[in-house]
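Please find below a colleague's note for a reader who is meeting this structure for the first time. It goes from the whole chain to single residues.

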Amino acid sequence: MAELKNDRFLRALLKQPVDATPVWMMRQAGRYLPEYRATRAQAGDFMGLCTNPELACEVTLQPLDRYPSLDAAILFSDILTIPDAMGLGLYFETGEGPKFKKSVTNAADIEALPVVNPQQDLPYVLDAVSTIRRELNGRVPLIGFTGSPWTLATYMVEGGSSKDYRRTKALMYNDPEVFQLLIDKLVESITAYLNGQIKAGAQAVQIFDSWGGALSHSAYQEYSLKPMQRIIDGLIKENEGRQVPVILFTKGGGQWLEVMANSGATALGLDWTTDIAQARARVGDKVALQGNMDPSILYAKPERIREEVAAVLAGYGKGSGHVFNLGHGITPEVDPAHAGAFIESVHELSAQYHQ
């Protein structure tokens, strides 16, 4: 593998000195870029893009070609590849988000689910990882990722997106042993999946706990955090002579930062509802922090974006351990020039905090 030319992102996650705060964006390879839309049209549909390693590599690299200052690439894929590999039949309808042909609603459905073997069941993802690493040629590190067990379970039980997770929570509260079996199969599948990505070349991994914030305090600990801790415990810790950092991101999880900091994760992702200065005070030196500008700021003028970047940097303060990101994914309607202004502002304004 080519030597890494820019390791600022990995160094910041490990709280090692950096010259400037590294920056990347969740969903940085996505619909706000015209070149992405063109490649997706070429692929036919979203799943056609995900399952073609060469095209997945192409869209992963597009934001880096447009914004050479980005400090990391993230694998282009979807969090729902695992339920799809379990046989639920993932598909996307325009404007409606992900759906499954089959959902799991009872013990028999869950008992019938296989545990995913990534080499056999998701070779297109692992091929995409190795292809991207080769094409990056050491430019920046590559991030692999997965959805959390709780988040994937909601899609599997609901059959798609949900506003209230009614069926999932009913199963969780009415039949906790059956629900736990689903979580256990997801923990085993996700651990193997992330380790497969690491072996294929991912240099850091992120767990997207998109819907953890919808849980009560006790249910979050039991059905979201504990399963994620089990995954982290089972991950390859070092590869290619470097530590492989793990980022844990629970959207809406600001109230649980202290317990999340004890999860074994290297870094915690923050959404925009949590003040980064308070978050740093609460977690101390236990973990690095990633985030957390409101993605909607990117609709504002570049000078307003720059002010917000300055405020987040000042909130975190001096020293390493901060990876700048949005508090959630970049939205499709954002002007790509505004994303560029954001990225440049981070590097320009952050150097003073690392002297």
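The points that follow take up the overall form, the sheet, a helix with its surroundings, and some individual residues.

1. Overall form. The model is predicted, and its protein chain holds 16 helices and 11 strands. The radius of gyration of the chain is 19 Å, close to the 20 Å that the globule rule gives for 355 residues, so the chain is as compact as a globular protein of that length. Along the principal axes, the C-alpha trace spans about 60 × 45 × 40 Å.

2. Burial and contacts. Of the 355 residues in the protein chain, 58% are buried, where buried means a relative accessible area under 20%. If one takes the contacts between residues at least 6 apart in sequence, 73% of them join residues at least 24 apart.

3. Surface and charge. The accessible surface of the protein chain comes to about 13,900 Å², and carbon and sulfur atoms account for 48% of that area. The chain carries 33 positive and 41 negative charges, and the mean positions of these two sets are 2 Å apart.

4. The seven-stranded sheet. In what order do the seven strands of the open sheet lie? The order is β1-β4-β5-β8-β9-β10-β11, and the pairing is parallel. The edges are taken by β1 (73–74) and β11 (322–326), each of which has a single partner strand, so one side of each is left without a neighbour in the sheet.

5. Pairing within that sheet. Strand β4, residues 142–147, runs parallel to strand β5, residues 204–209, and five bridges join the two; here Phe-145 has Gln-206 of β5 as its bridge partner. Five bridges also join β5 to β8, again in the parallel sense, with Val-205 partnered by Val-246 of β8. From β8 the pairing passes to strand β9, residues 267–269, through three parallel bridges, and Leu-248 stands opposite Leu-268 of β9.

6. Cover of β8. Are the residues of strand β8 (246–250) mostly covered or mostly open? The strand is mostly covered, since five of its five residues are buried. In a regular strand the side chains alternate between the two faces of the sheet. In β8 both faces are covered, with Val-246, Leu-248 and Thr-250 buried on one side and Ile-247 and Phe-249 buried on the other.

7. Helix α5 and what it packs against. In helix α5, which covers residues 81–88, the buried residues are Thr-81, Ile-82, Pro-83, Met-86 and Leu-88. These buried residues pack against strands β2 (90–93), β3 (97–100) and β4, and also against helices α8 (123–136), α9 (149–158) and α11 (176–200). Just after α5 comes Gly-89, which takes a positive phi of about 75°.

8. The hairpin of β2 and β3. Strands β2 and β3, both among the packing partners of α5, run antiparallel and are joined by four bridges, one pair being Leu-90 and its partner Phe-100 in β3. The two strands form a hairpin with three residues between them, and in the turn Gly-95 has a positive phi of about 75°.

9. A cis peptide bond. Which two residues does the cis peptide bond join? The bond lies between Gly-291 and Asn-292, with omega at about -5°, and a reader who wishes to look at this place will find Asn-292 in strand β10, residues 288–293.

10. Positive phi in the loop between α1 and α2. Lys-15 has a phi near 60°, a positive value in a residue other than glycine, and lies in the loop between α1 (8–13) and α2 (34–43). Arg-27 is found in the loop between α1 and α2 as well, and its phi is likewise near 60°, a positive value in a residue other than glycine. As for cover, Lys-15 is partly exposed, with a relative accessible area of 27%, whereas Arg-27 counts as exposed at 51% relative accessibility.

11. Glu-333 and Ala-29. Glu-333 has its place in the loop between β11 and α16 (336–350), and with a relative accessibility of 57% Glu-333 counts as exposed. Although Glu-333 and Ala-29 are 304 residues apart along the chain, their C-alpha atoms are separated by 13 Å.

Terms used
Residues are numbered from 1 along each chain as its sequence is written. This is a predicted model: local features need pLDDT of at least 70, side-chain atom pairs count only at pLDDT 80 or more; totals for chains, interfaces and linings use all residues. Side-chain values use heavy atoms; hydrogens and water are left out. The radius of gyration is taken over C-alpha atoms; the globule rule is 2.2 Å times the number of residues to the power 0.38. Buried means under 20% relative accessible area, exposed over 50%, partly exposed in between (1.4 Å probe, protein chains only). Contact means heavy atoms within 4.5 Å. Accessible areas come from the Shrake-Rupley method with a 1.4 Å probe; for residues, only the protein chains shown count as cover. Lys and Arg count as positive and Asp and Glu as negative; His and the chain ends are not counted. The place of a charge is taken as NZ of Lys, CZ of Arg, CG of Asp or CD of Glu. Two strands pair if DSSP finds at least two bridges between them.
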